[in-house]
Amino acid sequence: MTSHNAFRCGTVAIVGRPNVGKSTLLNHILGLKLSITSRKAQTTRYRLLGIHTTDDTQYLFVDTPGFQQKHINALNRTLNRTVTQVLSEVDVVLFVVEPSKLGDADRKVLSLLPRNQPVFLVINKADLMEDKAQLLPLIETFSQEFSFTGIIPVSAKRNLNLDQLLAAVREQLPEQEAIYGEDELTDRNERFLAAELLREKVFRLLGDEVPYSVAVEIEKFEQEGNLRRIHAAIIVDKESQKPMLIGKGGEKLKRISTEARQDMEKLFGGKIWLETWVKVKGGWADDERALKSLGY
């Protein structure tokens, strides 16, 4: 028999098509920027664990890449495998959508959802709906496609209904002790997080000029007291992409580095000395060995 007050701990996958706000949702629940965000599809490429511990619950959120149906190469096949694997391993699934009609990309993710685990439909950006009456037909459409455990409209950016979402998820988690310490926020190390923050700035500051063929490799990460020295290579696919990243007189690369360094200092709570440069590795996104060396 389950006790209402017993401690609960379990894994919660956050899934959905690209750009519906999965990483933003995770960051707002955690109350800090752990998962990188941008308007570009494929910003999230790794399975990332975000740990949120309260007095009676430890939520282990798994942020996943958006399920890709365009640009199918070795990288995207790897990302899609990550999504399907995560779905088979978690206790609860949050299927995140935007308040727009049910599209093919949403349907593809719907087809992957497990039928034997609790799945919540999370309608993000609900605050942007001009006509709230449109919400009911939308809920009706999604409900005809899948039997959800619950349906919760939220706004991740405005922290709207996030407490209600957490309360609903808690009810579905197993009763067990916490797996991680109450101060732990992720299972990833600082080296990984530094690479991700730098890649986010490339995605944000370059728009569509440099496509998906950008990766970041931390070549050296040293800590002396409260100072971290980080040497990072930004990897592109073609020689012609190099000048776009560097910019006139190195301006673009300098701005990317400065903004990444500021985010790292916030997250790590210490001074950062960051050196970045651009490297060309042709065809890395379609090369299984290159993907492995970059941690995919």
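Phe61 is tucked away in this predicted model, with a relative accessible area of 1%, and so counts as buried. Its ring partner is Tyr59: the two form a stacked aromatic pair, 5.7 Å centre to centre with 10° between the planes. Tyr59 is buried as well, at a relative accessible area of 4%. With a cut-off of 6.5 Å between ring centres, the count comes to four aromatic pairs.

Another of these pairs brings together Phe146 and Phe148, and here the geometry is tilted, with 5.0 Å from centre to centre and 45° between the planes. Phe146 has a relative accessible area of 5%, while Phe148 comes in at 14%. Because buried means under 20%, Phe146 falls in that class, and so does Phe148. These two rings belong to a wider group, too: Phe95, Phe142, Phe146 and Phe148 make up one aromatic cluster.

Two arginines also turn up over aromatic rings. Arg188 sits over the face of Phe192, 4.0 Å from the ring centre. For Arg229 the ring is that of Trp273, and the distance to the ring centre is 5.5 Å.

Turning to the sheet, six strands line up in the order β2-β3-β1-β4-β5-β6, giving an open sheet with mixed pairing. The edges are taken by β2 (48-53) and β6 (150-153); each has a single partner strand, so one side of each is left without a neighbour in the sheet. From one strand to the next, the twist averages 25°.

Strands of a sheet pair through backbone hydrogen bonds, in either a parallel or an antiparallel sense. For β5 (residues 119-123) and β6 the sense is parallel, and the pairing runs over four bridges. Within this stretch, Ile123 stands opposite Pro153 in β6.

The sheet has a helix lying across it. Helix α5, residues 162-170, lies across β1 (8-15), β2, β3 (57-63), β4 (92-97), β5 and β6. Relative to β3, helix α5 runs at about 105°. The residue ranges tie the two parts of the picture together: β3 spans 57-63, and the stacked pair described at the outset is made by Tyr59 and Phe61. Likewise, β4 covers 92-97, and Phe95 is one of the members of the aromatic cluster.

Notes
Residues are numbered from 1 along each chain as its sequence is written. This is a predicted model: local features need pLDDT of at least 70, side-chain atom pairs count only at pLDDT 80 or more; totals for chains, interfaces and linings use all residues. Side-chain values use heavy atoms; hydrogens and water are left out. Rings of Phe, Tyr and Trp (its six-membered ring) pair if their centres lie within 6.5 Å; planes under 30 degrees apart count as stacked, over 60 as edge-to-face and the rest as tilted. Buried means under 20% relative accessible area, exposed over 50%, partly exposed in between (1.4 Å probe, protein chains only). A charge sits over a ring if NZ of Lys or CZ of Arg is within 6 Å of the ring centre and within 35 degrees of the ring normal. Two strands pair if DSSP finds at least two bridges between them. Axes are lines fitted to C-alpha atoms, for helices over the stretch in contact, and angles run from 0 to 180 degrees between N-to-C directions. Contact means heavy atoms within 4.5 Å.
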